[in-house]
Amino acid sequence: MTTADRTTGRAHTVLDSPVGPLTLVAEDGALTGLYMERQRHRPADTLFGERVEGEAVPVLSAAAEQLAAYFAGERRGFDLPLEPRGTVFQRRVWAALRDIPYGTTLTYGQLAEEIGSPGASRAVGLANGKNPIGIVIPCHRVVGSGGSLTGYGGGLERKRFLLDLEGAGVSALAPAGVDTLF
C-alpha cells in the first residue's frame, strides 16, 4: 500500500504522550479512535488495521502534531476530521462534549440538559465512557455532580492530569475511587 493509498482503509499508529502510549486509528481519511493503554472499552488491537508511521496517513500525522501541541500547552482544541462510531444518542453526547470549553467542566446532569435529555445523566455517563476518540473529544471535562473526579475510561489519574493541564483547578478534588493506570 502506498502513502497515497493510506487515506482510505483502516490504519493506526502509536505515539508516546504524557499520559502513556496513545493508539490513533484512522479510516477513510478521518480519525475514528484514540485509545489509551489499558483503557476501559478499548477494542481489540486487531480491529485497528495496519500499523503505520503517523506521517503515512495525513489525519494521523495531523492528530499527532495537534496532540503534541495540546500536551505542550500550545493548543486548546483540535481541528481534525472525526468519525466516531456509535449509536445516535452516543454521537449526540460526543458532539456536545466538543462544545465544552477548554479548562472548564460540566457535570453529567448538565451535559444531559445540554443535549435536551435532562433525566438522562446516567445514559450520558455511559455514552461518555464509550467515547472512542478520547482527549480530542474531551470526555475528561465531565465530572460528578459534586465536582468529584469520577467515570473516566482512561483512569482517574489521567483525567486529573488532563484537567490540570487545562487549568481546570481539579487537583484538590478527591477522586471517587482509586484508579491509577499510568
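Q: What is a nonpolar core here?
A: Buried means under 20% relative accessible area, exposed over 50%, partly exposed in between (1.4 Å probe, protein chains only). A nonpolar core joins such buried residues through side-chain atoms within 4.5 Å. The eligible types are Ala, Val, Leu, Ile, Met, Phe, Trp, Tyr and Cys.

The model is predicted: local features need pLDDT of at least 70, side-chain atom pairs count only at pLDDT 80 or more, and totals for chains, interfaces and linings use all residues. Residues are numbered from 1 along each chain as its sequence is written, and side-chain values use heavy atoms, without hydrogens and water.

Q: Which helix gives the most to the largest nonpolar core?
A: The largest nonpolar core has 46 residues. L22, L31, L67, L97, I135 and V136 touch the most other members. With 6 residues, the top contributor is helix α1 (residues 58-71; helices are DSSP runs of H or I, at least four residues, and strands E, at least two, numbered from the N terminus).

Q: How many aromatic pairs are there?
A: Phe, Tyr and Trp (its six-membered ring) pair if ring centres lie within 6.5 Å; planes under 30 degrees apart are stacked, over 60 edge-to-face, the rest tilted. By this rule, the count is 4.

Q: What is the angle between the planes of Y70 and Y102?
A: Y70 lies in helix α1 and Y102 in the loop between α2 (88-97) and β5 (106-107), so the pair ties together parts 32 residues apart in sequence. Y70 counts as buried at 0% relative accessibility, and Y102 at 16%. Their centres are 6.3 Å apart, and the pair is edge-to-face at 85 degrees.
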